[in-house]
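Work through the exercises below with the sequence and the model at hand. Each task is followed by a solution in steps.

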Amino acid sequence: MAMVHIYTGDGKGKTTAAVGLCARAAGSGMKTAFYEFLKSGGTGEEKSLRALGTDFYCPVQNEKFTWEMNDAEKAECHRRQSETLRCACEHMAQYDLVVLDEVLCALNTGMLDREEVLRAVREKAPETELVLTGRGAPQELIELADYVSVIEARRHPFDSENPVAARKGIEY
């Protein structure tokens, strides 16, 4: 019986947890796919997961954060995020494990519609384990999930007196 996992919260480690589960599944001979939302590719996890045989998908993104985009850029970003989710749903049955990394952030920034994310979870392939990551999981999704892990930030160097920017290999 394949289940739904959510890794959410304001703490560091949601993607890391999903990558770890993907590595474990791939190491056990399972067929895995990892879809990134709102990322620009070239992340540290991409090279590692590809080396493990995970199919990795990341639509080409703008270098901007969503709050820096104009309306045309937001519309194009929304189109790409929706297309990525459709692709994941269409091919989900081919995999034992599918990760939708930062899909919750795409939802919360308006780059995905709530109904399309809910439908992806409700209509997931019954034989596919599904993982959703990102801050702010809505209650409707939490109620559909079998596992919900909330990662809480107690301390983070970005929030310190001398903020530390994201570091390659650690935060991305």
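## Exercise 1: the strand β1 and its partners

Threonine 8 stands opposite valine 150 in β6. The model used here is a predicted one.

Task: find which strands pair with β1, and in which sense.

Solution.
- Step 1. Begin with β6, residues 147-150: β1 and β6 are joined by 4 bridges and run parallel.
- Step 2. Turn to β5. Here too 4 bridges make the link to β1, and the two strands run parallel.
- Step 3. Locate positions along β1 and β5. Histidine 5 is opposite valine 131, and the bridge partner of tyrosine 7 in β5 is threonine 133.

Task: state which residues of β1 point one way and which the other, and whether they are buried or exposed.

Solution.
- Step 1. Sort the side chains: Val4, Ile6 and Thr8 point one way, while His5 and Tyr7 point the other way.
- Step 2. Check the cover: 5 of the 5 residues of β1 are buried.

## Exercise 2: the strand β5

Task: describe how β5 pairs with β4, and how its residues are placed.

Solution.
- Step 1. β4 spans residues 97-101 and pairs with β5 in the parallel sense over 4 bridges.
- Step 2. Valine 99 is the residue opposite valine 131 of β5. Valine 131 also stands opposite histidine 5.
- Step 3. From β5, Glu129, Val131 and Thr133 point one way, and Leu130 and Leu132 point the other way.
- Step 4. β5 is mostly covered, with 5 of its 5 residues buried.

## Exercise 3: aromatic pairs

Task: find how many aromatic pairs there are, and which parts of the chain they link.

Solution.
- Step 1. The count comes to 2 aromatic pairs.
- Step 2. Phenylalanine 34 and phenylalanine 56 form a stacked pair, with 5.5 Å centre to centre and 10° between the planes.
- Step 3. Phenylalanine 34 belongs to β2 (residues 32-36) and phenylalanine 56 to β3 (residues 55-57), so this pair ties together parts that are 22 residues apart in sequence.
- Step 4. Both phenylalanine 34 and phenylalanine 56 are buried.
- Step 5. Tyrosine 35 and tyrosine 57 are also stacked, at 4.4 Å centre to centre and 10° between the planes. Tyrosine 35 is in β2 and tyrosine 57 in β3, 22 residues apart, and the pair links distant parts of the chain.
- Step 6. Compare the accessibility of each tyrosine with the cut-off: buried means under 20% relative accessible area. Tyrosine 35, at 1%, counts as buried. Tyrosine 57, at 29%, counts as partly exposed.

## Exercise 4: α5 and the second largest pocket

Task: list the buried residues of α5 and name elements that cover them.

Solution.
- Step 1. The buried residues of α5 are Glu116, Val117, Leu118, Ala120 and Val121.
- Step 2. Their cover includes β1, α3, α4 (103-108), β5 and α6 (139-144).

Task: describe the lining of the second largest pocket and give its volume.

Solution.
- Step 1. The pocket holds about 150 Å³ of space.
- Step 2. Two helices, α3 (71-91) and α5 (114-122), each supply at least two residues of the lining.
- Step 3. Among the lining residues are Leu85, Arg86, Cys89, Glu116, Arg119 and Ala120.
- Step 4. By class, the lining of the second largest pocket has 6 nonpolar and 5 charged residues, and no polar ones.

## Exercise 5: three loop residues

Task: for methionine 30, leucine 38 and glutamate 102, give the loop in which each is found.

Solution.
- Step 1. Methionine 30 is in the loop between α1 (14-27) and β2. Its relative accessible area is 35%, which makes methionine 30 partly exposed. Setting aside neighbours within four places in sequence, methionine 30 is in contact with Ala25 and Asp96.
- Step 2. Leucine 38 is in the loop between β2 and α2 (44-51). Its phi is near 60°, a positive value in a residue other than glycine. At 26% relative accessible area, leucine 38 is partly exposed.
- Step 3. Glutamate 102 is in the loop between β4 and α4. The phi of glutamate 102 is also positive, near 65°. At 16% relative accessibility, glutamate 102 counts as buried.

How values were computed. Residues are numbered from 1 along each chain as its sequence is written. This is a predicted model: local features need pLDDT of at least 70, side-chain atom pairs count only at pLDDT 80 or more; totals for chains, interfaces and linings use all residues. Side-chain values use heavy atoms; hydrogens and water are left out. On a 1 Å grid over the protein atoms alone, a cavity is a set of points where a 1.4 Å probe fits but cannot get out, and a pocket is an open set with protein on both sides within 12 Å along at least five of seven lines; lining residues have an atom within 4 Å of a point. Grid points are joined across faces, edges and corners, and a volume is the space filled by probe spheres set on the points. Ala, Val, Leu, Ile, Met, Phe, Trp, Tyr, Cys and Pro count as nonpolar, Asp, Glu, Lys and Arg as charged, and the others, Gly among them, as polar. Buried means under 20% relative accessible area, exposed over 50%, partly exposed in between (1.4 Å probe, protein chains only). Contact means heavy atoms within 4.5 Å. Two strands pair if DSSP finds at least two bridges between them. Rings of Phe, Tyr and Trp (its six-membered ring) pair if their centres lie within 6.5 Å; planes under 30 degrees apart count as stacked, over 60 as edge-to-face and the rest as tilted.
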